[in-house]
Every structure is written in C-alpha cells, then in structure tokens.
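Thanks for making the time this morning. I would like to walk through one structure with you, going from charged pairs to the ligand and then to two helices.

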Amino acid sequence: MSTLCKNWTQWLMETRFSALTDEMKSQTIAWLDSVGDAVVKMAQIKPDETVLDIGTGTGLLAFKALDVIEQAAGSGKVIFSDKFQDCLDSCKGFLDNHAINANYEFLNASCEDLTLPENSIDKALMRSVLVHIADKQPAINEIYRVLKPGGYFCAFEPIIRSNTRYWELLEPGAIENYYEFKDAENKIMSDVTDSLCNFDDFTLKNNLVKAGFNDSSTLIHTIESKYTVTRDMVIPWFTSPPSPDRPSMKERFLKFFDEKKVDKYIKDVQNNLEGKEITLKTNSVLIHATK
Ligand SMILES: C[S@@+](CC[C@H](N)C(=O)[O-])C[C@H]1O[C@@H](n2cnc3c(N)ncnc32)[C@H](O)[C@@H]1O
C-alpha cells in the first residue's frame, strides 16, 4: 500500500482529488456523476432484474442502479461487489444511515472469481476497475460466465496510455533533462505489465470477443479539459498514487533516475507551467456487450 493512501475508500474519497482545486473537484464529481448515469442508462435496468456492480468502490453505479429498482418498487436487487471489504463497509454505512434496507446484497469477491453461479446476473456494471487489473481476459471471461444469456455488460474505463503526457506540455528548453524524462515517461506509459496502460479500446474489444460476447460495442470518448496551472497543483501530479497499492509517477521515475534528478525535474515542471493555461486530453471507453 502507498504511504499516502491506506485503502481504496480513502483513495476514492480523498487521494484522487488531492491535485485538484475546489472548482476542479466539483467539476470532477459532476463528471463522475454523468459517467455513472451513462453506464446505468446503457444497462436499461428493469425493476425485477439482478444487477451486479463489480468493483463498486463507494457505490457510484450501484446506488444509481438501486435507485432505478426502488423507484419502480421492483423486486430486483443490486449486488455491491468488491475485492476490498473497506469499500463494502463504506456502502453499507451509507445504506444504514439512509435506512435503505431492501433490494441489495454485498459480495466480497475479486472480479476474476466472482463466486456467483453461472447465468445468474441480468446486468453487470463496472467503472474504472479493469484499469487496475493487469490481465483483463480472466476478469472478462468471469463476467461472461455469470451473465444470463441476453444479459448486458456495461462499463466505462479510462484509456490512460493515450492521455496527454507531461512532456507534451513542457518547453524542452526550460527543462534540464527534458529528453531523458520524455523517454522515461514514454517507457512507463507503454509498459505491457502495467494494468494502467497495457490496454485500449481495441484490446478490450478482443477480450470481449474472446470471452464469447456476441455483440460488443466500444465507443471512445475524448475529454479535453483546460485549466491554469498553479504551483501547488504540480507536486501531487507526481506524488499521488493512481491507486492505494501502485507507485506514484515520482516513484516510477525513480526506477530510471536518482531522487535528486527527479526532484529537479518536478521543480522545472513547476517553474515551466506555473500560471500557464494547459489543455489535457483524456480518453475513455464505454463498453456495451451482450451475452
Ligand atoms: C477506481 S475504483 C472505482 C470504484 C467505482 N466503480 C467507481 O466508479 O467509483 C476501483 C475499484 O475496483 C476495486 N478493485 C480493484 N481490483 C479489483 C479486483 N481484482 N476485483 C474486484 N474489485 C477490484 C477497488 O476496490 C475499487 O473499489
């Protein structure tokens, strides 16, 4: 685990927002809400269906799915599932506080081994979970196994390897070791063993077809965000871990350079970008697959 982040709940509630201003945090929360709505809408949940939210975290998708079933006074259920118990505890705390006590269950299981009977789930939902799993095929096979024939797998995943890279934002002349860091960043972003960047929409489509899905549509969304960089923003870009158990960008650079050199690079980045308006491109994929 990272020394900055003890578990997934802390990462979801605090760490992921640590490099953001209040305004950017509000925009990110609104964006997450719209992504959740898009995934749940794609799933076309019926009131009597069994819905599985895989890697539920703090329940972004599961609470929305539960709302659909509750609004229709349906007999269906939502299974909040996660490999990490702290996430399920956090969702349970919310449900208890709001006296919501029907139409849901909890499942503490990894998405590679869901421990559910085959053909038992109508809709499987997921957001930003495959990006944390190095080998995506066993997880997608398992989702296929538990879905009923005709059931849907609806998901949203970020495609990190085609996002804007730091070196693209920088002026080479303003950074002492620009080309060495550019090369290292490109190597980090094309590491096939790294779950965060070893896939894109094309490889995911292959995974879906291999698992047996007979109809899969993957749509790429590109979001561009523009903002003005402040000095304080830059340090967390490099020190915040991308998940509780994965190295930060600074720790990744430390595999290539000594700490003095990495700290100098971060300082150069701060000096070069402070006060500048930057445009960041982030790509993600929406998946709709039918068993
Ligand atoms: C980025 S969070 C996304 C949480 C939630 N789906 C959301 O949209 O806010 C990733 C989630 O995946 C869960 N996770 C990571 N590896 C997993 C695995 N192998 N099986 C199931 N869940 C996993 C984590 O516990 C965490 O809740």
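Lysine 77 has a relative accessible area of 27%, and because anything between 20% and 50% is classed as partly exposed, that is how lysine 77 counts here. I should say at once that this is a predicted model, and that every value I quote is computed from it. The partner of lysine 77 is glutamate 105, and the closest N and O atoms of this salt bridge are 2.9 Å apart. Since lysine 77 belongs to strand β2 and glutamate 105 to strand β3, the pair ties together parts that are 28 residues apart in sequence. Glutamate 105, at 35% relative accessibility, is likewise partly exposed.

That pair belongs to a larger set, for a search of the whole structure finds 18 salt bridges. Another of them joins lysine 264 and glutamate 176, with an N to O distance of 3.2 Å. Here distant parts of the chain are linked, as lysine 264 sits in helix α11 and glutamate 176 in the loop between α6 and α7, 88 residues apart. Lysine 264 is partly exposed at 34%, while glutamate 176, with 54% relative accessibility, counts as exposed.

A local case is found within helix α7, where lysine 187 and aspartate 183 are four residues apart, about one turn of the helix. Their side chains meet in a salt bridge at 3.0 Å, N to O. Both ends are partly exposed, lysine 187 with a relative accessible area of 46% and aspartate 183 with 40%. There is also a network of salt bridges, which links Asp33, Asp37 and Lys64.

Let me turn to the ligand. Which residues come nearest to it, of the 20 around it? They are Gly55, Asp82, Phe84, Cys111 and Arg127. For glycine 55, a backbone N or O atom lies 2.7 Å from a ligand nitrogen, and for cysteine 111 a backbone N or O atom is 2.8 Å from a nitrogen atom of the ligand. Arginine 127 instead brings a polar side-chain atom to 2.5 Å from a ligand oxygen.

Now the helices, beginning with α2, which runs over residues 22-43 and reaches 32 Å from its first C-alpha to its last, close to the 32 Å expected at 1.5 Å a residue. Its buried residues are Met24, Leu32, Val35, Gly36, Val39, Val40, Met42 and Ala43. Around the axis they cover an arc of only 160°, which means that they lie on the same side of α2. As for what they pack against, the list is α3, β4, β5, β6, α9 and β7. The face turned away from that buried side carries exposed Asp22, Glu23 and Lys41. After α2 comes glutamine 44, with a positive phi near 45°.

Helix α4 can be read in a similar order. Its 13 residues, 85-97, should span 18 Å at 1.5 Å a residue, and the end C-alpha atoms are indeed 18 Å apart. Cys87, Leu88, Cys91 and Leu95 are buried in α4, and because they fall within an arc of 95° when seen down the axis, they line one face of the helix. The general background is that an α-helix has 3.6 residues a turn, so residues three or four places apart point the same way. The cover over the buried residues of α4 includes α1, α3, β2 and β3. Following α4 is alanine 99, where phi is again positive, near 50°.

Methods:
Residues numbered from 1 in each chain as written. Predicted model: local features only at pLDDT ≥ 70, side-chain atom pairs only at ≥ 80, totals over all residues. Heavy atoms only, no water. Helix = DSSP H or I, 4+ residues; strand = E, 2+ residues; numbered from the N terminus. Expected span 1.5 Å × (residues − 1). Buried < 20%, exposed > 50% of the residue type's maximum accessible area, 1.4 Å probe, protein only. Arc of directions from axis to C-beta. Contact = heavy atoms within 4.5 Å. Salt bridge = Lys/Arg side-chain N within 4 Å of Asp/Glu carboxyl O. Near = heavy atom within 4 Å. Polar contact = N/O pair within 3.5 Å; in protein donor to acceptor, adjacent residues only side chain to side chain.
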